[in-house]
There are 2 protein chains.
Amino acid sequence: MQGQADQRESGSARVAESLAIAIHEHRLSPGMKLSEDEVGEIYGVSRTVVRAALQELAHDRLVELKRNRGAFVAQPSVKEAREVFEARSLLEPRTAKSAAERATPEDIKILQKHIDEEHAALHAGDTGRALHLSGMFHVEIARIADQSTVAEFIAQLVSRSSLIIALYWQRRTALCESHAHDALIKALARHDGAAAEELMHHHLLDLLTSLDLRDQPSVPKSLKEALN
Amino acid sequence: MQGQADQRESGSARVAESLAIAIHEHRLSPGMKLSEDEVGEIYGVSRTVVRAALQELAHDRLVELKRNRGAFVAQPSVKEAREVFEARSLLEPRTAKSAAERATPEDIKILQKHIDEEHAALHAGDTGRALHLSGMFHVEIARIADQSTVAEFIAQLVSRSSLIIALYWQRRTALCESHAHDALIKALARHDGAAAEELMHHHLLDLLTSLDLRDQPSVPKSLKEALN
DNA sequence: GTTTACGATTTTGTATACAATTTTAGCGCA
DNA sequence: TGCGCTAAAATTGTATACAAAATCGTAAAC
């Protein structure tokens, strides 16, 4: 995520990506400690490269570094959750509009493939992968808009949204995003910028309101952290 | 810039900040190589901490890391320059609007102090410091809007803008930003969100059009890079 | 004179070693 | 039992050592 264009997968990049996926799929829960020795042993690398990977993830706000204390999977606060979706609301609707004006048939095909895979994953019960693909859909739109700088920001925000959803999702509402994405792709296909902008705007609003953003940062991992 | 909240200035953070300032003040020119040994010797630290600092700066796009080749001061392309200001145009006007609605008298005082120092620096001929303060003004507005996530993005974009201005500034237009900032602060003081949004929008447009964004990435450091 | 190949030097990538800080466990004492 | 203190263990921060890659200089070949 927002890596600095390494031509070949460097050691730290590989570790960072693997950790990021694990966090996105909620296999590493928020608040969990990421010991340098432990991570290094798992991936068969030294602490040097683990530290580089953790620093990269910290920059993307997926992990939090505490000086002399170590790295922990981030626990976005309610305020941070709102801020992330506020930022997305500033960036994504206008980007979707630009994408609609520039989208080629090939772009639409790629997006459609994303949606199909998302549906398949959802049908197979792999909600983790479905969520990941759902995020990729948003990043792909920014790429179509040919705005790589904005695309990097959106990629980071989508990544953080994944953590936020893991923390604050209220299971009452079904995962009905697919419909929003279907409508979006149709607007993009017919180059309807205004519709795409509006659809994206409401899609993000729906996402935000589907969260339970009332108070505390959700379940702490241990009683100790609850009193921290 | 966008540091991960170290409670005390860590070694790498200190080096990164010092390098960032040097880049902003154009004492380190775009394309210049940053040797790890050399930087480490200058600051009296080992390559380990230099590498961490360079990685942080690379994430903020102030330096570019080339695998097995080293770190270089970034040379934003024309396309990247346009993208950075496009992103700022998406984020800053609406953020200025929010700031206007929330600004307290103390916030206005802080902003006014920034402007005064900016004027003083400009009057003293220290354009480097003036540019730095000018950027801080924009970041401060995001802070007033109480949107730290957006503020971090803006901080990074302002930082990159500094490099872009160093590269593409056409000296024909004078540094008349101050007037724009004066008008902005007045709109903020009277809580006129609409005016602040519009002023920020035009301010960014003016900045963009004051650049010479025609073709090549400006002066290359070596002939080799010119043909790369 | 130009080009190509090869070796030496330099520089980066990674692992390991040591220092500093934090955490934890044990012990004494009220 | 509960609290506070001290020391040992574990973990992070930093420096150094070694391996791999790229760069540079030289020289040989055409």
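Helix 7 of chain B is largely enclosed by the rest of the structure, since 19 of its 21 residues come out as buried, which here means under 20% relative accessible area. This is a predicted model, and the geometry of that helix can be put to a quick check. Helix 7 of chain B runs over residues 148-168, and at 1.5 Å a residue it should span 30 Å. Its end C-alpha atoms sit 29 Å apart, which agrees.

Next, the strands of chain B. Strand 3 (residues 70-73) pairs with strand 1 (residues 33-34) through two bridges, running antiparallel to it; here B:Leu34 has B:Ala71 as its bridge partner. Strand 3 of chain B is also joined to strand 2 (residues 63-66) of chain B, this time by four bridges and again antiparallel. In that pairing, B:Glu64 stands opposite B:Phe72. Strands 2 and 3 of chain B make a hairpin with three residues between them, and B:Asn68 in the turn takes a positive phi of about 65°.

As for empty space, the structure holds two cavities of 30 Å³ or more. The largest cavity offers about 40 Å³. Its lining draws on both chains: A:Glu86 and A:Leu90 on one side of the list, and B:Arg94, B:Thr95, B:Ser98, B:Gln147 and B:Val150 on the other. Helix 4 (78-102) of chain A and helix 4 (78-102) of chain B each supply at least two of the lining residues, with the largest share, three residues, coming from helix 4 of chain B. By character, the lining of the largest cavity is a mix of two nonpolar, three polar and two charged residues.

Definitions and conventions. Residues numbered from 1 in each chain as written. Chains lettered and ligands numbered in written order. Predicted model: local features only at pLDDT ≥ 70, side-chain atom pairs only at ≥ 80, totals over all residues. Heavy atoms only, no water. Expected span 1.5 Å × (residues − 1). Buried < 20%, exposed > 50% of the residue type's maximum accessible area, 1.4 Å probe, protein only. Pairing = 2+ DSSP bridges. 1 Å grid on protein atoms, 1.4 Å probe; cavity = no way out; pocket = protein on both sides within 12 Å on 5 of 7 lines; lining within 4 Å. Points joined across faces, edges and corners; volume = space filled by probe spheres on them. Nonpolar A, V, L, I, M, F, W, Y, C, P; charged D, E, K, R; others polar.
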